[in-house]
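Colleague: I'm new to this one, so could you walk me through it and tell me how you arrive at each label?
Modeller: Sure, ask away once it's on the screen.

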Amino acid sequence: MKKITISTLLAKKQRGEKITSLTAYDASFAKVFDEAGVDAMLVGDSLGMVLQGQDDTLNVTVEDIAYHTRAVRKGTERAFVLADMPFMSYATPENAYQNAAVLMAAGASMVKLEGGQWLCSTIEGLVERSVPVCAHIGLTPQSVHVLGGFKIQGREANKAQQLVNDAKALEQAGVQLLVLECVPSSLGRQIAGQLSIPVIGIGAGNGTDGQILVMHDMLGVSANYMPKFSKNYLAETGNLHRAVEQYIKQVKSGEFPGPEHSFE
């Protein structure tokens, strides 16, 4: 199969073909996901919770992400690989440029940053320096203490409009991919419909251009709890490879996420 690029993902959106993605942290799982046909893998700062046992993602370092990015890249031949920029690693544009360079050198094809319009000048600088950027809005786990916990975002009309405005501004700044987390399904559909770039949802309903799940949630082995927006595919299939294949199949058909995995 041909190597997937950002152009491949954009073409999928334009054709109305759902994009499938999972988090990955090592070469072995990356190889399984890659061979099953997952389009994109994110080396997420979620590793702080699912690998390190932390209560949140805030202790994860650039070095942690770089280490796991190198491992995932070793196991990947065709899938698109993104790497999270950890908490405070892009507090200033200069921080962002230096730390993004580390992650790109480790094997990432794109870096992901959490935040809205305040990030636009940093994103413009990264893109000018040939660093592809994915933005992440909605529930942004690095802001968990400001948000007062892991809560649904965008339920009030003014907050929903702010997310729409953020999404449009980020696209204008040069973002080529957007992750939208824990928002009402109607808002997920609206934002995906108003952007020309692919919008990948997690807890954002099935109206987005694709889905991403934390692999530990999808396999039912998370140490803490199973989020409402996830599904235990390993319990459903009884086999790792079939679990990934079932996830891909249900995302592409629109069966996942269903109403029981979504917010209104």
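**How the labels are earned**

Modeller: Let's start with Q211, which sits in strand β8, residues 210-213. Keep in mind that this is a predicted model.

Colleague: What makes Q211 buried or exposed?
Modeller: Its relative accessible area is 4%. Buried means under 20%, so Q211 counts as buried.

Colleague: And what does Q211 touch?
Modeller: Setting aside neighbours within four places in sequence, its contacts include I19, T20, S21, Y247, V251, F256 and P257.

Colleague: You mention F256 and P257; what is the peptide bond that joins them?
Modeller: That one is cis, with omega at about 0°. P257 belongs to the segment after α12. In general, most peptide bonds are trans.

Colleague: Okay, the whole chain next. Why is it called as compact as a globular protein of its length?
Modeller: First, the make-up: 12 helices and eight strands. The radius of gyration is 17 Å, and the globule rule gives 18 Å for 264 residues; those values are close, so the chain is as compact as a globular protein of that length. Its C-alpha trace spans about 45 × 40 × 40 Å along the principal axes.

Colleague: How much of the chain counts as buried?
Modeller: That's 58% of the 264 residues. As for the area the chain exposes, about 11,100 Å², carbon and sulfur atoms supply 52% of it.

Colleague: What share of the contacts joins residues at least 24 apart?
Modeller: Among contacts between residues at least 6 apart in sequence, 62% do.

Colleague: Now helix α1. How do you know that its buried residues line one face?
Modeller: The buried ones are I6, L9, K12 and K13. Looking down the axis of α1, they fall within an arc of 115°, so they line one face of the helix. The face turned away from that buried side carries the exposed residues S7, Q14 and R15.

Colleague: Is there a general reason why that spacing works?
Modeller: An α-helix has 3.6 residues a turn, so residues three or four places apart point the same way.

Colleague: What covers the buried side of α1?
Modeller: The cover includes β1, β3, β4, β6, α9 and α12. Take L9, one of the buried residues of α1: its relative accessibility is 0%, so it counts as buried. Leaving out residues up to four places away in sequence, L9 touches I4, I19, D39, F80, L177 and P198.

Colleague: Which residues of α9 are buried?
Modeller: S185, L187, G188, I191 and A192. Down the axis of α9, these fall within an arc of 160°, so they too line one face. Their cover includes α1, α8, β6 and β7.

Colleague: What makes the phi of S130 worth a remark?
Modeller: It is positive, about 70°, although S130 is not a glycine. Most residues other than glycine have a negative phi. S130 sits in the loop between α6 and β5.

Colleague: And why is S130 called exposed?
Modeller: Exposed means over 50%, and S130 has a relative accessible area of 61%, so the label fits.

Colleague: What about C182, buried or exposed?
Modeller: C182 lies in the loop between β6 and α9, with a positive phi near 55°. Its relative accessibility is 4%, so C182 counts as buried.

Conventions. Residues numbered from 1 in each chain as written. Predicted model: local features only at pLDDT ≥ 70, side-chain atom pairs only at ≥ 80, totals over all residues. Heavy atoms only, no water. Helix = DSSP H or I, 4+ residues; strand = E, 2+ residues; numbered from the N terminus. Rg over C-alpha atoms; globule rule 2.2 N^0.38 Å. Buried < 20%, exposed > 50% of the residue type's maximum accessible area, 1.4 Å probe, protein only. Contact = heavy atoms within 4.5 Å. Areas by Shrake-Rupley, 256 points an atom, 1.4 Å probe, with all protein chains shown as cover. Arc of directions from axis to C-beta.
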